[in-house]
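I opened this structure to go through its pockets, charged pairs and surface. My notes follow in the order I looked things up.

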Amino acid sequence: MERPQQDGRLYRRLILQNDLEVLLIHDPGTDTAGAAIDVSAESFSDPDGTPGVAHAVEHLLSMGSKKYPDENDYEAFLAQQGGCSNAFTRPTSTNYYFQL
């Protein structure tokens with residue numbers, strides 16, 4: 001990976017057991033943490049006659065989980081930590097991210 005000589009961040013590339021490639025970045029000059037994932041589930045993948053499926057799934061993923069069962073639990077947890085999250089669907093990918 002190429003980066004500017006003045007870049008003081010530390011980088012580490014991992015491949016998880018499910019073959020997901022991860023790039024970890026440590027910036028000692030910030031007090032913010034975050035993560036993002038970009039997946040190939042996009043609006044171009046919507047079935048014929050059913051536009052908007054990828055965008056709908058984007059919203060469903062923040063509607064509750066085992067750990068955060070209520071609709072806004074995840075957002076409330078992030079807000080309590082001074083953070084936030086969002087997502088967006090493009091023609092070629094969907095991106096989810098959070099910071100705190």
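**Second largest pocket**

I started with the second largest pocket of this predicted model. Strand E2 (21-26) and E3 each supply at least two residues of its lining. Which element gives the most to this lining? I found that E3 does, with 5 residues. I put the space in the second largest pocket at about 230 Å³. The residues I listed for the lining include Leu16, Leu20, Val22, Leu23 and Leu24. Glu21 and Asp38 are also among them, and so are Gly34, Ala35, Ala36 and Ile37. By class, I noted 8 nonpolar, 1 polar and 2 charged residues in the lining of the second largest pocket.

**Glycine 34**

I picked glycine 34 from that lining for a separate check. Glycine 34 lies in strand E3. Is glycine 34 buried or exposed? Its relative accessible area is 54%, so I wrote it down as exposed; the cut-off for exposed is over 50%. I also looked up a distance from glycine 34. Its C-alpha atom is separated by 6.2 Å from that of leucine 100, although the two residues are 66 apart along the chain.

**Largest pocket**

Next I turned to the largest pocket. About 510 Å³ of space lies in it. I found 23 residues lining the largest pocket. Leu61, Ser62, Tyr74, Ser85 and Tyr96 lie nearest its centre. Which elements give two or more residues to this lining? I noted strand E3 (34-39), H1, helix H2 (73-80), strand E4 (84-89) and strand E5 (94-99). By class, the lining of the largest pocket has 13 nonpolar, 6 polar and 4 charged residues.

**Salt bridges**

I then looked for charged pairs. How many salt bridges are there? The count comes to 3.

- Aspartate 7 and arginine 9 form a salt bridge, with the closest N and O atoms 2.9 Å apart. I checked cover for both partners. Arginine 9 is partly exposed at 35% relative accessibility. Aspartate 7 has 13% relative accessibility, so it counts as buried; the cut-off for buried is under 20%.
- Arginine 13 and glutamate 21 meet through their side chains in a salt bridge, at 2.6 Å from N to O. I noted both glutamate 21 and arginine 13 as exposed. Glutamate 21 also lines the second largest pocket.
- Aspartate 38 and arginine 90 form a salt bridge, and their closest N and O atoms are 3.7 Å apart. Arginine 90 lies in the loop between E4 and E5 and aspartate 38 in strand E3, so this pair ties together parts that are 52 residues apart in sequence. Arginine 90 is partly exposed at 39% relative accessibility. Aspartate 38 is partly exposed too, with a relative accessible area of 42%. Aspartate 38 is another residue that lines the second largest pocket.

**Nonpolar surface patch**

I went on to the surface. Which residues make the nonpolar patch of about 430 Å²? I listed Val53, Val57, Leu60, Leu61 and Met63. Leucine 60 is found in helix H1 (residues 53-60). I noted leucine 60 as exposed, with a relative accessible area of 56%. Leu61 turns up twice in my notes: in this patch and nearest the centre of the largest pocket.

**Aspartate 19**

I checked a backbone angle next. Most residues other than glycine have a negative phi. Aspartate 19 has a positive phi, near 70 degrees. I located aspartate 19 in the loop between strand E1 (10-15) and E2. Aspartate 19 is exposed, at 65% relative accessibility.

**Two loop residues**

I ended with two C-alpha distances. Where is lysine 66? I found it in the loop between H1 and H2. Lysine 66 is exposed at 85% relative accessibility. From lysine 66 to glutamine 6 I noted 43 Å, C-alpha to C-alpha, for residues 60 apart in sequence.

Proline 28 sits in the loop between E2 and E3. Proline 28 is exposed, with a relative accessible area of 61%. Proline 28 and aspartate 48 are 20 residues apart in sequence and 47 Å apart in space, C-alpha to C-alpha.

Note on methods:
Residues are numbered from 1 along each chain as its sequence is written. This is a predicted model: local features need pLDDT of at least 70, side-chain atom pairs count only at pLDDT 80 or more; totals for chains, interfaces and linings use all residues. Side-chain values use heavy atoms; hydrogens and water are left out. Patches are made of residues with over 30% relative accessible area and no salt bridge: like charges are joined within 9 Å, nonpolar side chains (Val, Leu, Ile, Met, Phe, Trp, Tyr) within 5 Å. Accessible areas come from the Shrake-Rupley method with a 1.4 Å probe; for residues, only the protein chains shown count as cover. A salt bridge is a side-chain nitrogen of Lys or Arg within 4 Å of a carboxyl oxygen of Asp or Glu. Helices (H or I, at least four residues) and strands (E, at least two) are DSSP runs, numbered from the N terminus. Buried means under 20% relative accessible area, exposed over 50%, partly exposed in between (1.4 Å probe, protein chains only). On a 1 Å grid over the protein atoms alone, a cavity is a set of points where a 1.4 Å probe fits but cannot get out, and a pocket is an open set with protein on both sides within 12 Å along at least five of seven lines; lining residues have an atom within 4 Å of a point. Grid points are joined across faces, edges and corners, and a volume is the space filled by probe spheres set on the points. Ala, Val, Leu, Ile, Met, Phe, Trp, Tyr, Cys and Pro count as nonpolar, Asp, Glu, Lys and Arg as charged, and the others, Gly among them, as polar.
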